[in-house]
Amino acid sequence: MDDVMIRPMELRDLDQVEEIEKKSFTTTWSKNLYKRELIENDFAHYFVIEKQNKMIGFCGIWLVLDEAQVTNIAIDPNYRDKGYGTLLFQYMLKRAMIKGAANLSLEVRKSNTQAQGLYKKFGLQPAGIRKNYYTDNNEDAIVMWVKL
Ligand SMILES: CC(C)(COP(=O)(O)OP(=O)(O)OC[C@H]1O[C@@H](n2cnc3c(N)ncnc32)[C@H](O)[C@@H]1OP(=O)(O)O)[C@@H](O)C(=O)NCCC(=O)NCCS
């Protein structure tokens, strides 16, 4: 993993973010929304993971007082199942702790057992269900939570 780097997301990254976003989610965030997150949202922190200077994934978190909420995490499909998601999530969790977060939560599709597997590795537990949360297919969201 010597050739891997995690750094804050910048505006110049947004074309690649959009590409990975499209390959990863059924309902996607637009480039403009990411741009607003980077420029206007003081609570938002976004990171990209690069391998040999090529972006292979990204993630985002909102830090509000002592609450951390993961907004999204995605790894390029060609690079999944190789531990990069774990590296990125671990990095984000550490950043949240350094900034004073006392707990971290997120929503995940009930069917997304892959992502749930990642979150469980870091001690996140199901804390509730948001019924019909995802409007594209009315899927429930599982709220997962961990005390940091
Ligand atoms: C979720 C995601 C970021 C994981 O990234 P990744 O680089 O593949 O993750 P890792 O290789 O570090 O694997 C992390 C854990 O995920 C789980 N996992 C990975 N691939 C899996 C698979 N095919 N089936 C079930 N669980 C799987 C395992 O628990 C794994 O831990 P382990 O290898 O120690 O057993 C990636 O699958 C992704 O981008 N998915 C699409 C976007 C998405 O769903 N994001 C989450 C929205 S809430």
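Begin by selecting arginine 7 and aspartate 13 in this predicted model; their side chains are joined by a polar contact of 2.7 Å. Keep arginine 7 in view and add glutamate 50, whose side chain makes a polar contact of 3.0 Å with the side chain of arginine 7.

**Around arginine 7**

Next, display the backbone as a cartoon. Arginine 7 belongs to strand 1, which covers residues 4–8. Is arginine 7 buried or exposed? Its relative accessible area is 9%, below the 20% limit, so arginine 7 counts as buried.

Now show the residues that touch arginine 7. When neighbours within four places in sequence are set aside, its contacts are Arg12, Asp13, Tyr46, Phe47, Val48 and Glu50. Two members of this list, Asp13 and Glu50, are the partners selected at the start of the tour.

**On to phenylalanine 43**

Move along the chain to phenylalanine 43, in the loop that links helix 2 (31–40) to strand 2 (44–51). With a relative accessibility of 44%, phenylalanine 43 falls between the limits of 20% and 50% and is therefore classed as partly exposed.

Which residues does phenylalanine 43 contact beyond its neighbours within four places in sequence? Select Ile61, Trp62, Leu63 and Val64 to display them. Then place a distance label between the C-alpha atoms of phenylalanine 43 and glycine 100: these residues are 57 positions apart in sequence, and their C-alpha atoms are 13 Å apart in space.

**The whole chain**

Zoom out and colour by secondary structure. The chain contains four helices and seven strands, arranged along the sequence as β-α-α-β-β-β-α-β-α-β-β. The radius of gyration is 15 Å, close to the 15 Å given by the globule rule for 148 residues, so the chain is as compact as a globular protein of that length. Rotate the C-alpha trace to view its principal axes, along which the chain spans about 40 × 35 × 35 Å.

Contacts can be considered at this scale as well. Among contacts with a separation of 6 or more, 58% are between residues 24 or more positions apart.

Switch to a surface view to finish. About 8500 Å² of the chain is exposed, and carbon and sulfur atoms supply 49% of that area. Of the 148 residues, 42% count as buried; arginine 7 is one of the buried residues. Finally, colour the charged side chains: 21 are positive and 20 are negative, and the centres of the two sets lie 3 Å apart.

Technical notes: Residues are numbered from 1 along each chain as its sequence is written. This is a predicted model: local features need pLDDT of at least 70, side-chain atom pairs count only at pLDDT 80 or more; totals for chains, interfaces and linings use all residues. Side-chain values use heavy atoms; hydrogens and water are left out. Helices (H or I, at least four residues) and strands (E, at least two) are DSSP runs, numbered from the N terminus. Buried means under 20% relative accessible area, exposed over 50%, partly exposed in between (1.4 Å probe, protein chains only). A polar contact is a pair of N or O atoms within 3.5 Å; within protein, one must be able to donate a hydrogen and the other to accept it, and residues adjacent in sequence count only if both atoms are side-chain atoms. Contact means heavy atoms within 4.5 Å. The radius of gyration is taken over C-alpha atoms; the globule rule is 2.2 Å times the number of residues to the power 0.38. Accessible areas come from the Shrake-Rupley method with a 1.4 Å probe; for residues, only the protein chains shown count as cover. Lys and Arg count as positive and Asp and Glu as negative; His and the chain ends are not counted. The place of a charge is taken as NZ of Lys, CZ of Arg, CG of Asp or CD of Glu.
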